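This report examines how a protein chain surrounds the molecules bound to it and where its backbone takes less common forms. Please keep the sequence and the structure in view while reading.

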Amino acid sequence: MIYSRRQESITMSLKLYNTLTRKKEVFRPHKGNTVTLYTCGPTVYNFVHIGNLRTYVFEDFLKRTLLAQGWRVTHVMNITDVGHLTDDADDGEDKVERAAAKQQMSAWQLSAFYTKAFEHDIAQLNITPPMVWCKATDYIQEQVKLIQTLEKKGVAYRLEDGIYFDTSQFPSYGRLARLDMKGLKAGARIEVAQGKRNPTDFALWKLSTPQGTHPEPIGKSHPKTKRQMEWPSPWGVGFPGWHIECSAMSMALLKLPIDIHCGGIDHIPVHHTNEIAQSEAATGKQFVRVWMHGAFLTIKKGKMAKSEGNFLTLSTLQDQGFDPLSYRYLLTTAHYRKALDFSNQSLEAAQESYRHLKNSLRQRGIFKTKTTKRPSSKAKKQWMAFLNAINDDLNIPEAMAVVWQSVRMTAIDLPSLKWLIEEMDHILGLDLTKPDHEAIPEDIQQMVARREQARRDKQWTRADELRRLIEHSGYRIEDSSTGARVTFTGRPHSTA
Ligand code: AMP
Ligand code: ZN
């Protein structure tokens, strides 16, 4: 019988942890066979850091898992190019405008540049792009309309600098984050003094100038407002708040309720809490069925963040000689709901393991083998064990243990092993069946290790001889702060 991946996985149930209920729940799409997925995208004022990328990789594992169940996935991701302020309390500067002023660029050019850089980073990490990218600046009318609806419903009010959402008018406000609303009210007199009715109220529309009047044609930066991105609105010239963007765009592109909405855990108390309030107050319908949040990538146990100045980008890792997929491999070592502490040593270890895995696959002859449509029962058993782990709220570390075990199982014939690894890699995205030049053969690796030892022992002649041997075999060796880096050149090469 020809194997059907869809049939087998459908008989198993996928469980996902829903932040809303704080429980693992069996997941099925709301309608038919299509899952609607909305993931909060980056604010494009700088390169994303590898902490941000951890969240996008987690969302990619999720999407690939949904596809492996045999469902279609309609995935929308936004690009925040306006309205994200440096301060969550609706003060401070617009991140994109501030960066543009610093770099003496137009805000439009700057956001286009960092959007491209983001697309490049996610491609390097084998993150499958969303079906639709939506930019906040392309959805201004939808945002204005949504705010008008909120005004009509009596849940928005005007202050001198903008239109605000009245959180006391939305009875279940803060449910996602389990916010203690009474405690917050009692403890926040200072913020309320700013003019907001409640400390948790937030801006829907900010005015460029206090009264929203504008002395110049819009679009050009005016010395009085210094803003480049601004639009006319029923309340005056200004720009949307950050939270309204995601509500307006997700509702413009996906039907309610959206099946799954994701982001990092920092989005639970403010951004996602506010998205729910606006969307549900405007429509009276449930906004999202399942909320999923990825834990932080930390560095020395502190959150990696641009504001902390402790962040690393993917290109920095590449400059240090790391392969982006080694970083993806590192992310398979921790469950997405657990913090992962990053260090160069942990990435080195991940790179080692990743290369070792690919070498083991090469040695088993997988790159030269054809797959089969009739895998052996042993291979199918391994696939079920892998799916069991994945379907348990994306337990990727456990699924990786099944991968390693399978590679070592000589009782699985080669075409079946190839089939198995292909199926697993549809979810893992580690290019496990793709031969690449990073897979350094064992004998070369041994020579590299012997050369490293010779260098440590200061036996320079011996180290040079080994280098020449390695290069003669078609590999280039470079010494870096993280150790020797070996790359395949495909031809004998000599520095002598
Ligand atoms: P931002 O551009 O700040 O909105 O962040 C983009 C995404 O990265 C959001 O989903 C954040 O929750 C997430 N994020 C930010 N910092 C980290 C971190 N250190 N580890 C994991 N995810 C993060
Ligand atoms: Zn969002």
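The paragraphs below treat the two ligands in turn and then the backbone. The model is a predicted one.

**The surroundings of ligand 1**

Ligand 1 occupies the space of the largest pocket. Around ligand 1 there are 16 residues, and those that come nearest are Gly 51, Thr 55, Asp 266, Leu 297 and Met 304. Sorted by class, this shell consists of eight polar, six nonpolar and two charged residues.

Which elements of the fold each supply at least two residues of the shell? They are helix H2, which spans residues 50-68, and strand S10, which spans residues 258-264. The greatest contribution to the shell comes from H2, with four residues.

Several contacts between N or O atoms of the protein and atoms of ligand 1 are set out in the table.

| Residue | Part of the residue | Atom of ligand 1 | Distance |
|---|---|---|---|
| Thr 55 | side-chain N or O atom | nitrogen | 2.7 Å |
| Met 304 | backbone N or O atom | nitrogen | 2.8 Å |
| Gly 264 | backbone N or O atom | oxygen | 3.0 Å |

Taken alone, ligand 1 exposes 490 Å², and 94% of that is buried by the protein.

**The zinc ion**

Ligand 2 is a zinc ion. Which protein atoms act as its donors? They are SG of Cys 40, SG of Cys 246 and NE2 of His 271, and they lie 2.1 to 2.2 Å from the ion. Along the sequence, the spacing of these donor residues can be written C-x205-C-x24-H. The two cysteines link distant parts of the chain, being 206 residues apart. Cys 40 belongs to the loop between strand S3 (34-39) and H2, whereas Cys 246 is part of helix H8, residues 242-253.

**Backbone features**

Most peptide bonds are trans, and most residues other than glycine have a negative phi. Against this background, three places in the chain deserve attention.

The peptide bond from Leu 256 to Pro 257 is cis, and its omega is near -10°. Pro 257 is found in the loop between H8 and S10. This loop thus stands between the helix that holds Cys 246 and a strand that supplies at least two residues of the shell around ligand 1.

Asn 126, a residue other than glycine, has a positive phi, near 60°. Asn 126 is placed in the loop between helix H4 (107-124) and strand S5 (132-135). Leu 394 also has a positive phi, near 55°. The loop that contains Leu 394 runs between helix H13 (377-391) and helix H14 (396-408).

Note on methods. Residues numbered from 1 in each chain as written. Chains lettered and ligands numbered in written order. Predicted model: local features only at pLDDT ≥ 70, side-chain atom pairs only at ≥ 80, totals over all residues. Heavy atoms only, no water. Near = heavy atom within 4 Å. Polar contact = N/O pair within 3.5 Å; in protein donor to acceptor, adjacent residues only side chain to side chain. Areas by Shrake-Rupley, 256 points an atom, 1.4 Å probe, with all protein chains shown as cover. 1 Å grid on protein atoms, 1.4 Å probe; cavity = no way out; pocket = protein on both sides within 12 Å on 5 of 7 lines; lining within 4 Å. Sits in = over half its atoms within 2 Å of the grid points. Nonpolar A, V, L, I, M, F, W, Y, C, P; charged D, E, K, R; others polar. Donors = N, O, S within 2.8 Å, 3.2 Å for Na, K, Ca; no water.
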